[in-house]
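Good morning, and thank you for coming. I would ask you to look first at the sequence and the structure, and then to follow me through a few parts of the fold.

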Amino acid sequence: MSVRQSLLAILDQGPCYGYQLRAEFDRRTGSTWPLNVGQIYNTLDRLERDGLVRKGDVDEQGHVYWEITDAGSAEVTQWLASPVERTQGTRDELAIKLAVAATLPGVDVAEVIQTQRRASLRQLQELNRAKYAGANPDGPEELAWSLVVDSMIFAAEAEVRWLDHTEQRLHAHPRHAMALELSTDRPKRGRPAKADTTQEVSA
């Protein structure tokens, strides 16, 4: 989730001060990813450094209004027109945890999966029971909130399916055959070579 581009897109609608930006971000994301004011101002400082925003007027309460520059507007246009690229190197904590657990001698991976499945199903139930708490149940803020919640529901459902798939795959392998003892090989200095997954993906 790009806080930088989201704040720029809001500023493209008109000047805002810090707390106002936070409130507008919350309105448009259903308060699902709350930002603290420090994060807002740190992002604004970086945007100003990059020539994408500038400080504007100060009101009678001392609020400094931030304005988007032409370069900032161009970046918003490019962001909205570009797909979100999910890189091969994205680290998923659960996938890594189960991959490591599956190779550790003496670990009951089935129980690790069951524990995670219970937590994932509980989260899914909570998301399905969630109700919009705003004033207008048919307004744009409710729509924004429901889009975010729907995304979280689909992600939770996919996680449960992946856990089922993982459990089936592990059942096909004897426990003793999958355990990895510590290697006696002495690793060389430097970073390990990256595996080339390009051909596998395109095949």
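I begin with one residue, Leu 127, which lies in helix H6, a helix that covers residues 109–129. Please bear in mind throughout that this is a predicted model. Is Leu 127 buried or exposed? Its relative accessibility is 12%. The limit for a buried residue is under 20%, so Leu 127 counts as buried.

What does Leu 127 touch, apart from its neighbours within four places in sequence? The contacts are Val 149, Met 152, Ile 153 and Ala 156. Of these partners, let me take Val 149: 22 residues separate Leu 127 from Val 149 in sequence, and their C-alpha atoms are 6.9 Å apart in space.

A second residue of helix H6 is Gln 123. With a relative accessibility of 36%, Gln 123 counts as partly exposed. Gln 123 and Met 152 lie 29 residues apart in sequence, and 9.4 Å apart from C-alpha to C-alpha.

This brings me to helix H7, which runs over residues 140–171. At 1.5 Å a residue, its 32 residues should span 46 Å, and the C-alpha atoms at its ends are 47 Å apart, which agrees. The buried residues of H7 include Trp 145, Val 148, Val 149, Ile 153, Ala 156, Val 160 and Leu 163. Glu 142 and Glu 167 are also among the buried residues of this helix. Against which elements do the buried residues of H7 pack? They pack against H2, against helix H5, which comprises residues 93–102, and against H6.

Glu 141 also belongs to helix H7. Its relative accessibility of 32% means that Glu 141 counts as partly exposed. Setting aside neighbours within four places in sequence, Glu 141 is in contact with Arg 27 and Tyr 132. Glu 141 and Gly 30 are 111 residues apart along the chain, yet a distance of 6.9 Å separates their C-alpha atoms.

Let me now step back to the protein as a whole. Its 203 residues include 27% that count as buried. The protein contains nine helices and two strands, and their order along the sequence is α-α-α-β-β-α-α-α-α-α-α. If we take the contacts between residues at least 6 apart in sequence, 56% of them join residues at least 24 apart.

I turn next to the largest nonpolar core. This core has 18 residues, and those that touch the most other members are Leu 8, Leu 11, Leu 21 and Leu 44. Two or more residues of the core come from each of helix H1 (3–11), helix H2 (18–29), helix H3 (37–49) and strand S2 (64–68). Which element gives the largest share? That element is H1, with six residues.

Leu 11 shows how these pieces meet. Beyond its neighbours within four places in sequence, Leu 11 is in contact with Cys 16, Leu 21, Leu 44, Val 53, Trp 66 and Ile 68.

How do the helices of this region pack? The axes of H1 and H3 are 10 Å apart, and the angle between these helices is about 80 degrees. Angles of 65 to 115 degrees count as roughly perpendicular, and H1 is therefore roughly perpendicular to H3. On the side of H1 the contact is made by Val 3, Arg 4, Leu 7, Leu 8 and Leu 11, and on the side of H3 by Gln 39, Ile 40, Thr 43, Leu 44 and Leu 47. By type, the residues of this contact are seven nonpolar, two polar and one charged.

H2 and H3 also meet: their axes come within 9 Å and cross at roughly 110 degrees. These two helices are therefore roughly perpendicular as well. Gly 18, Tyr 19, Leu 21 and Arg 22 of H2 make the contact with Val 37, Ile 40, Tyr 41 and Leu 44 of H3. Here the division is six nonpolar, one polar and one charged.

I close with Val 3, a residue of helix H1. Val 3 has a relative accessible area of 11% and is therefore buried. Leaving out its neighbours within four places in sequence, Val 3 is in contact with Leu 35, Gln 39 and Thr 43. Val 3 and Leu 35 are 32 residues apart in sequence, with 8.8 Å between their C-alpha atoms.

Key: Residues are numbered from 1 along each chain as its sequence is written. This is a predicted model: local features need pLDDT of at least 70, side-chain atom pairs count only at pLDDT 80 or more; totals for chains, interfaces and linings use all residues. Side-chain values use heavy atoms; hydrogens and water are left out. A nonpolar core is a set of buried Ala, Val, Leu, Ile, Met, Phe, Trp, Tyr and Cys residues joined through side-chain atoms within 4.5 Å. Buried means under 20% relative accessible area, exposed over 50%, partly exposed in between (1.4 Å probe, protein chains only). Helices (H or I, at least four residues) and strands (E, at least two) are DSSP runs, numbered from the N terminus. Contact means heavy atoms within 4.5 Å. Axes are lines fitted to C-alpha atoms, for helices over the stretch in contact, and angles run from 0 to 180 degrees between N-to-C directions. Angles under 35 degrees count as roughly parallel, over 145 as roughly antiparallel, 65 to 115 as roughly perpendicular and the rest as oblique. Ala, Val, Leu, Ile, Met, Phe, Trp, Tyr, Cys and Pro count as nonpolar, Asp, Glu, Lys and Arg as charged, and the others, Gly among them, as polar. The expected span of a helix is 1.5 Å times one less than its number of residues.
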